[in-house]
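Subject: Structure for you to look at

Hi there,

Here is the structure I promised to pass on. Please have it open while you read my notes below.

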Amino acid sequence: MSKTKNPEELVDRYLQAVRFWLPRSQKEDLLAELGEDLRSQIEDKESEVGHALGESEVAEILKRCGAPIVVAGRLGPPRQLIGTTIFPMYQFVLKMVLLWIIVPVFLFILIPINVANAGANWAEAVAATLGQLWSGLFIAAGIITLVFAIIERTPAVTSATSKWDPRKLPLVHKTEHKPASRLQAACQLFFAVFGFVWLLLIPQHRWMLLGPAAAFLGAAPIWHKFFQMIVPLALFAILRPVVTLAKPQWAWFPPVAELAQAVFTLIVLNFILRGGFPYLVLTGGASATAEHIKVAAIVNVSILISLAGAWLGLSIAIVIHLWKVFRFFRKRRAQVHEPLSLEAH
Amino acid sequence: MSNGTNNSEVFENLRLELRRGCLSLAVLTQLRTERYGYTLRKALADDGLEIDEGTLYPLLRRLERQGLLVSQWREEDKRNKRFYRLSAEGERMLSQLMVEWQRINTSLNKILQYEGV
């Protein structure tokens, strides 16, 4: 529960609650108009009573307007089976269950298990599981619709939506795109330059990477090729914070650059994993002891495991970065078409 | 469900049905003069036709989609407001609807008089 002493903030909190339940299309437009209407009502009431309205008076206006979910339902298009009052909640539950529970469970748990059990017939296992997913989605959607259709026809809905208090609505979350943090960019720049210098020194000073093992271990010849790919990556890591510092208003740049860097790194990792092993070789030639050979083998396997782990981590990171970029541009697009924000004008 | 509750529900549904068609006509008539949402709601309420936000704004959007209204976001009193007014097509439609309304009204009045209501 959150309380406020500012009646204007109460309107913002109300609009935020309505926004949650509104369909994406026309969301900002409808919300701006509703906000304007509420503020006009408040102004009118203030002229009538001759003083600024207090929290309880504003809450009274909001309560008269209706519970956020009910208002959102009315503002949306008309519905048949599930009425406008609970349609936003129905839509929310449907999305949550289908997209965020059933689909991930099938894709990330059931398909891998069935594929592992199927052996050579993995393609059939995938097809069969996808078929089950399809039926599962239909059955789940049917059950949810049925449950909501029953709820819709019970008087409990009306009584539940009338018992609400605008003063108990959550505080407003600011969603505007803040410019990138300068301190963060400066730290990134420092470490990127430090890493770049370290990288350039390694070929001449192997001990900086291998420590005492540099006495008998050296980079395999293939590293000359890999090095040429790693250096531009390290340079890009320097460029990123430089651009962020120079153009902090480019809110799109950090997420896009993070994605680009992750993709390039993954490409380089792919090359290294495919053609690199062994990564380190003994430099002593015939004088190498059995212990040196053992150390070299352990270090090479450790590098291989680390690179494979990094490859997996980066693949997941790319999906996350892609989602961030998509969300960023979706929000930005919504803001371009948005005539008003939640803030009072 | 008791009979009383059932009756009031039926009445409410019929009342809403009756109002629905009238609202479009009332809104179109009021928008011969440019207004924004709240002043339109107030004007309708002052003439005895209360309409809540959740009914008015979707109705305005529907009428605009049908080409009967045009709207524009404009700043007034330091606040952005969406102003609506009738389009040329809306003017034509309103004239036709008014004729139809008069016809229905005359017929209904006759019917109600026959029935002694």
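Below are my notes on chain B, the contact between the chains, and one helix of chain A. Please keep in mind that this is a predicted model.

Chain B

Chain B contains four helices and three strands, and their order along the sequence is α-β-α-α-β-β-α. The chain has 117 residues, and 18% of them count as buried. If you look at contacts in chain B between residues at least 6 apart in sequence, 46% of them link residues at least 24 apart.

Two residues in the loop between β2 (69-76) and β3 of chain B caught my eye. B:Asp77 sits in that loop and has a positive phi of about 50°, although it is not a glycine. B:Lys78 belongs to the loop between β2 and β3 as well, and its phi, near 65°, is also positive in a residue other than glycine. For context, most residues other than glycine have a negative phi.

Are these two loop residues buried or exposed? B:Asp77 counts as exposed because it has 8 C-beta neighbours inside 10 Å, and the cut-off for exposed is 12 or fewer. B:Lys78 has 7 C-beta neighbours inside 10 Å, so it counts as exposed too.

Where the chains meet

The contact draws on 16 residues from chain A and 13 residues from chain B. On the chain B side, α2 (37-46), α3 (53-65) and β3 (79-86) each provide at least two of the residues that touch chain A. Helix α3(B) gives the largest share of that side, with five residues. Sorted by class, the side of chain B that touches chain A holds five charged, four polar and four nonpolar residues.

Helix α1 of chain A

Helix α1 of chain A runs over residues 7-21, which is 15 residues. From its first C-alpha to its last it reaches 22 Å, close to the 21 Å expected at 1.5 Å a residue.

Which residues of α1(A) are buried? They are A:Leu10, A:Val11, A:Arg13, A:Tyr14, A:Leu15, A:Ala17, A:Val18 and A:Trp21. A general point may help when you view them: an α-helix has 3.6 residues a turn, so residues three or four places apart point the same way. The partners of the buried residues of α1(A) are other helices of chain A: they pack against α2 (27-49), α3 (55-65), α4 (68-75) and α5 (87-118).

Happy to talk any of this through.

Best wishes

Notes. Residues are numbered from 1 along each chain as its sequence is written. Chains are lettered from A and ligands numbered from 1 in the order in which they are written. This is a predicted model: local features need pLDDT of at least 70, side-chain atom pairs count only at pLDDT 80 or more; totals for chains, interfaces and linings use all residues. Two residues are in contact if their C-beta atoms, placed from the backbone, lie within 7 Å. Ala, Val, Leu, Ile, Met, Phe, Trp, Tyr, Cys and Pro count as nonpolar, Asp, Glu, Lys and Arg as charged, and the others, Gly among them, as polar. A residue is buried if 20 or more other C-beta atoms lie within 10 Å of its own, exposed if 12 or fewer, and partly exposed in between; C-beta atoms are placed from the backbone. The expected span of a helix is 1.5 Å times one less than its number of residues.
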